[in-house]
Amino acid sequence: MNFDLTDEQKKVRDMARNFTTKVIAPRAKEMDRTGEYPYDIMAQMASLGMMGIPFPKEYGGGGGDWVSMHLCIEEISRGDVSLGALLDVTTSVAGNEIYSFGTEEQKQKWLIPLAQGKEIGAFGLTEPDAGSDTAALKTTAALEGEEWVINGSKQFITNTGLDNASIIIITAKTRVEQSGRTTISTLIVPKGTPGFTLGERYEKMAFHASATHEVFFDDCRIPKGYLLGDIYEGLAQHLSVLQTGRISVAAISTGLAQACLDEALTYTTKKYQFRQSLLESQTIPFKLADIAMMIELSRTIYLKAAWLKDQGRDYTLEAHFAKLFATETAKKIASDVLNMYGLFGCLEKYPISRYFKVAKLFEIVEGTSEMQRLVIARKLLG
Ligand SMILES: Cc1cc2nc3c(=O)[nH]c(=O)nc-3n(C[C@H](O)[C@H](O)[C@H](O)COP(=O)(O)OP(=O)(O)OC[C@H]3O[C@@H](n4cnc5c(N)ncnc54)[C@H](O)[C@@H]3O)c2cc1C
């Protein structure tokens, strides 16, 4: 067993870490305050090759692996989780789905610009009546001649409404078998297609620099060839790339938890320098030790899941463990560090209040904690 990162993986991690320290961290507070999407930062991330790390070079990628991709996501999220989520949705989910199930033509048309970071992608699964129960969707796509006609809506879709957002990959009911079984398929809908519109941007409690909208399809027509993968396997395909997304959410939460620890180390040493009793009583140092341990465990489990994926092995259970553990850990760490600040923890001027609010959201994104426990328990009980 070898826990060492390769030279290439270390290079990616260090490149992302330096970029975060120099470019992202100084802007994060303002981005979150204004909700402004940082196109200039994204362009720099693209030129550093971050969006394409795990894809082959012929598709505009870096020819790297998913371990490197997730080290990059962790480091970027240490500066700002909305940019970590940008990488998650564009690369781990949308790009991954086209790479895994798309035709050569689809890869040329849509994967290359995503991998190069020239465009970003969105992933539409959640509907007003289909959240955790993903199969309860109502959106339909009927084949009329050479076109799919889509009707329905998706809610809470990340990476929408942006100038460089190019496509949304959605699930839709494409036919009902005589047996009464519904067939769910995956379709690629490019931005600007008539009948594809966006609702108001959601005003979330945190995570403001990540754009999230409801999307509507009203007699939205796309060519027949925009079906992605097997017509009968759309839901399974969509859910399979969400497993990779769960590793990414774990990496985002690990980066966020690390940011909390970094803050705590700077702040507590300053705050308590004249109140040595608190440092000597070990209340704070023991808490810091627990936090460092929990972060290392979050990192270890998401890296194991990414490594299994790179080996072409089943990583389902590890992806659920990683998502559940890292998100709940980040929330607890943010709360513990906020406590260390005492009354100052509630002030917007300190990043810990931002970290505390956003940590909660990742328990919901890409499957709630309850759903992770449900799937893990089902696997255990056979
Ligand atoms: C910031 C943000 C960004 C998002 N981005 C996207 C995106 O890009 N694309 C996308 O498709 N979706 C996105 N989502 C949606 C997200 O994936 C869903 O919110 C999530 O899957 C939960 O669905 P729901 O909110 O409808 O909750 P529901 O399914 O309505 O669940 C409500 C509560 O009931 C619990 N529950 C439900 N079923 C069970 C059960 N069987 N057993 C036990 N408990 C249960 C849940 O755990 C939860 O606590 C985003 C959400 C957020 C908050």
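Colleague: In the hairpin of β2 and β3, which residue takes a positive phi?

Modeller: The model is a predicted one. In it, strand β2 covers residues 140-144 and strand β3 covers residues 147-158, and the two run antiparallel. Two residues lie between these strands in the hairpin. The residue with a positive phi, near 65°, is Gly145.

Colleague: How many bridges join strand β2 to strand β3, and which residue in β3 does Thr140 stand opposite?

Modeller: The two antiparallel strands are joined by five bridges. Opposite Thr140, in β3, stands Asn151.

Colleague: Is Thr34 buried or exposed?

Modeller: Thr34 has its place in helix α1, which spans residues 7-34. A residue is exposed if 12 or fewer other C-beta atoms lie within 10 Å of its own. Thr34 has 10 C-beta neighbours inside 10 Å, so Thr34 counts as exposed.

Colleague: How many Å apart in space are Thr34 and His208, C-alpha to C-alpha?

Modeller: In sequence, Thr34 and His208 are 174 residues apart. In space, their C-alpha to C-alpha distance is 7.5 Å.

Colleague: What separates the centres of domain 1 and domain 2?

Modeller: The domain assignment of the protein chain gives domain 1 as 7-119, domain 2 as 122-231 and domain 3 as 236-381. Taken over C-alpha atoms, the centres of domain 1 and domain 2 are separated by 23 Å.

Colleague: Which element gives the largest share of the side of domain 1 that touches domain 2?

Modeller: The contact takes 24 residues from domain 1 and 18 residues from domain 2. On the side of domain 1, the elements that give two or more residues are α1, α4 (81-101) and α5 (104-115). The largest share is eleven residues, and it comes from α4.

Colleague: How many residues on that side of domain 1 are nonpolar?

Modeller: The residues on the side of domain 1 that touches domain 2 fall into three classes. Five are polar and five are charged, while the nonpolar ones number 14.

Colleague: Where does the shell around the ligand lie with respect to the domains?

Modeller: There are 22 residues around the ligand, and Thr126, Gly131, Ser132, Thr368 and Glu370 come nearest. The elements that give two or more residues to this shell are β1 (120-124), β3 and α11 (369-381). Because domain 2 and domain 3 both give residues to the shell, it lies between domain 2 and domain 3.

Colleague: How many residues of the shell around the ligand are charged?

Modeller: By class, eleven residues of the shell are nonpolar and eight are polar. The number of charged residues in the shell is three.

How values were computed: Residues are numbered from 1 along each chain as its sequence is written. This is a predicted model: local features need pLDDT of at least 70, side-chain atom pairs count only at pLDDT 80 or more; totals for chains, interfaces and linings use all residues. Two strands pair if DSSP finds at least two bridges between them. Helices (H or I, at least four residues) and strands (E, at least two) are DSSP runs, numbered from the N terminus. A residue is buried if 20 or more other C-beta atoms lie within 10 Å of its own, exposed if 12 or fewer, and partly exposed in between; C-beta atoms are placed from the backbone. Domain bounds come from an automatic or database domain assignment. Two residues are in contact if their C-beta atoms, placed from the backbone, lie within 7 Å. Ala, Val, Leu, Ile, Met, Phe, Trp, Tyr, Cys and Pro count as nonpolar, Asp, Glu, Lys and Arg as charged, and the others, Gly among them, as polar. A residue is near a molecule or strand if its C-beta atom, placed from the backbone, lies within 6 Å of it.
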